[in-house]
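Colleague: Let's go through this model together. I want the reasoning behind each label, not just the label.

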Amino acid sequence: MTRTPLRPLARILRARETGEDPNHIEQENLRLRRQELRDTGRVRAELRLLVLALLFMSGFVLLSARMGLLAATEPVALRVGLVEGISDSRSDITDRNGRVLATNLATHALYAETRRMVDPQRAARELGRIFPEMDADRLAARFTDPDRSFVWVRTRLSPEQKQAVHDIGEPGLMFGPRKMRVYPNGRVGAHILGGARFGEQGVRAAELLGVAGAELYFEDRLRDPARADQPLRLSVDLPLQATITEVLTGGVSVLNARGASAVLMDARTGEVLSLVSLPDFDPNDRPAPLTEGEPADSPLFNRAVQGYYELGSVMKAFTVAQALEEGEVTPDTIIDTRGPLRWGRFTINDFRDYGNEMSVTSVMVKSSNIGTARMAQNIGAERQQEFLRRFGLLDRMYIELSEAQRARPLLPDPWSELSAMTISYGHGMTTSPLALAAGYAALVNGGRLVTPTLLRQNSVPDGAQVISPQTSAQMRQILHSVVYEGTASFARIPGYPVGGKTGSADKPDMNGGYKEDAVLATFASVFPSDDPKYVLVVTLDEAVDTTGPEPRRTAGWTAVPMAGEIIRRVAPLLGLRPVALQEVEARLQADSRVP
């Protein structure tokens with residue numbers, strides 16, 4: 001770079017010759033030099049500003065492009081509740097109308113970092129006072145163990161307990177956030193929901209895992225983080241469930257029963273509106289399984305689903321339906337009921353002497369074992385098996401409960417003629433109350449098979465046609481006659497016509513044979529009887545009515561009154577309007593008339 005001197009000699013000499021002041025030349029050159037420096041600095045600053053503006057503009061363009069790309073892509077749900085690699089998300093469970101059956105509650109776990117503890121002995125004593133079930137001495141030993149730096153104290157705390165622990169003032173006692181599973185209705189619906197427990201646990205999160213019932217069956221659905229805010233809606237109706245639980249609990253107490261179950265099902269869709277098993281439990285504090293005694297004695301045992309029993313005369317409905325369907329009889333066909341009926345060294349008797357002959361309808365109304373056994377003889381064992389298999393009574397009954405996958409019926413082997421005769425009136429094979437409800441639904445809904453379900457159905461495809469609509473209409477009239485002329489008179493509810501069949505079966509002994517004076521009483525009912533929308537099956541274990549001069553154990557005195565009271569209370573909740581009995585019977589006769 002060439003630098004111009006401030007006092008160039010040639011210009012100085014020339015100025016002196018012309019009489020000018022040479023200092024003006026120096027001042028002018030100094031001014032020009034300063035101006036040049038200012039121009040250079042301004043250009044340099046302008047370049048820097050331009051570069052900076054380009055950088056900012058590029059950044060905004062990149063951010064805008066990224067935001068546009070994100071806006072154009074499909075939304076992706078965030079993985080909620082993922083802490084320490086543990087997903088603690090679990091969807092709520094609601095009834096068919098959105099009432100909460102199971103939800104999550106924010107709480108805290110309690111743990112100790114022993115290296116931070118100031119007075120572990122005092123902390124152990126105070127914790128023993130807050131939690132009486134804890135052994136303070138054992139807790140103190142764990143706190144002072146030199147090989148331990150971390151001790152779990154309690155997996156969940158109530159707000160009051162958390163405050164009490166906080167008031168101890170021990171810096172080594174720490175709280176970790178948790179979600180716990182809560183069942184706000186307590187025992188109501190216990191066997192449907194099952195319960196949940198903690199799985200893998202971290203300091204700041206813990207898994208919630210189902211242990212039984214719908215909680216276990218729908219495990220993957222409930223733990224799906226993408227659906228954490230979408231409740232699982234069941235077919236159960238909470239008010240119906242609470243009402244039936246209340247009535248059944250009272251009945252068990254009054255009748256000194258060992259246990260009971262009730263299934264209320266939609267006869268057209270198979271939706272289970274209520275499922276109750278007693279004894280029950282509180283899923284908020286699920287008890288441990290029994291290690292001895294009969295499985296049904298455990299409150300965890302679901303009698304409606306896991307309990308496969310010889311249910312007695314309720315099975316006569318299937319025998320009569322098959323005989324009608326196959327053209328063997330009509331409702332007015334006369335059946336030989338002379339007894340006892342002998343087969344080899346075995347005899348079949350009726351509960352009472354009903355005379356030498358009865359119509360098919362009277363066989364059901366009076367509940368004649370001999371009458372149904374003779375019909376089964378004509379049908380034969382092979383055809384009987386095929387017919388019962390169509391109703392799903394010979395296989396495991398499907399429903400969305402984990403316990404149902406482990407229970408199946410006991411069947412005779414071989415299925416002889418004698419087996420066919422005893423099965424015709426409910427002895428010699430087992431079935432569950434749930435399977436019985438599904439079977440009765442098909443008998444009265446026009447002959448369409450239904451699949452029991454605990455999920456609310458928006459639309460249900462038609463099931464297989466197992467009997468004709470004509471046979472179904474005849475069965476509706478026969479079941480109505482059982483209530484209004486026969487063994488189920490306590491189910492006559494004014495305004496709400498009921499049809500059904502009673503069953504009283506001796507209970508098998510675990511050591512072989514049958515128990516003395518131990519009866520399993522069942523009433524399978526349908527209502528309204530002229531156009532059945534619902535099926536109710538009530539079963540009582542070793543119930544006995546002691547209001548009369550002698551103990552009465554049959555279903556007509558035990559299960560039927562319970563079912564009648566349930567129907568009287570739930571029919572208005574279901575929106576059923578009272579109707580006159582004469583109108584109902586006129587429709588039944590018109591529907592069952594052979595075309």
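Colleague: Why are H15 and H16 called roughly perpendicular?

Modeller: This is a predicted model, to start with. In it, H15 (residues 433–444) and H16 (residues 469–485) pack at an angle of about 115 degrees. Roughly perpendicular covers 65 to 115 degrees. H15 and H16 are therefore roughly perpendicular to each other. Their axes are 7 Å apart.

Colleague: Which residues in H15 and H16 meet?

Modeller: Tyr-440, Ala-442, Leu-443 and Val-444 come from H15. From H16 come Ser-472, Met-475, Arg-476 and Leu-479. The residues of this contact divide into six nonpolar, one polar and one charged.

Colleague: What makes H10 a mostly covered helix?

Modeller: Buried means under 20% relative accessible area. Nine of the 10 residues in H10 (residues 316–325) are buried. Phe-318 is one of them, and so is Lys-316. The cover includes helices H11, H12, H13, H15 and H16, plus strand E16.

Colleague: What does Phe-318 touch, leaving aside its neighbours within four places in sequence?

Modeller: Contact means heavy atoms within 4.5 Å. Phe-318 has such contacts with Phe-387, Leu-388, Phe-391, Leu-393, Leu-436, Gly-439, Tyr-440 and Leu-443. Phe-318 also belongs to the largest nonpolar core, of 120 residues. There, Phe-318 is among the residues that touch the most other members, as are Leu-436, Tyr-440 and Leu-443. H15 gives the most to this core, with 10 residues.

Colleague: How many residues are in the other core that lies apart from it?

Modeller: That core has 18 residues, including Leu-127 and Leu-173.

Colleague: What makes E11 and E16 the edge strands of the five-strand sheet?

Modeller: Each pairs on one side only. The order is E11-E10-E18-E17-E16, an open sheet with antiparallel pairing. The twist averages 10 degrees from one strand to the next.

Colleague: How do you know that E10 and E18 pair?

Modeller: Pairing takes at least two bridges. Eight bridges join E10 (residues 259–266) to E18 (residues 534–541), which run antiparallel. Ser-261 stands opposite Thr-539 in E18. H15 packs on this sheet, touching E10, E11, E16, E17 and E18. The direction of H15 makes about 35 degrees with that of E10.

Colleague: And what makes E7 and E8 a pair?

Modeller: The test is again at least two bridges. E7 (residues 195–201) and E8 (residues 206–212) have five, in the antiparallel sense. Phe-198 has Leu-208 in E8 as its bridge partner. A hairpin joins E7 to E8 through four residues.

Notes:
Residues are numbered from 1 along each chain as its sequence is written. This is a predicted model: local features need pLDDT of at least 70, side-chain atom pairs count only at pLDDT 80 or more; totals for chains, interfaces and linings use all residues. Side-chain values use heavy atoms; hydrogens and water are left out. Axes are lines fitted to C-alpha atoms, for helices over the stretch in contact, and angles run from 0 to 180 degrees between N-to-C directions. Helices (H or I, at least four residues) and strands (E, at least two) are DSSP runs, numbered from the N terminus. Angles under 35 degrees count as roughly parallel, over 145 as roughly antiparallel, 65 to 115 as roughly perpendicular and the rest as oblique. Ala, Val, Leu, Ile, Met, Phe, Trp, Tyr, Cys and Pro count as nonpolar, Asp, Glu, Lys and Arg as charged, and the others, Gly among them, as polar. Buried means under 20% relative accessible area, exposed over 50%, partly exposed in between (1.4 Å probe, protein chains only). A nonpolar core is a set of buried Ala, Val, Leu, Ile, Met, Phe, Trp, Tyr and Cys residues joined through side-chain atoms within 4.5 Å.
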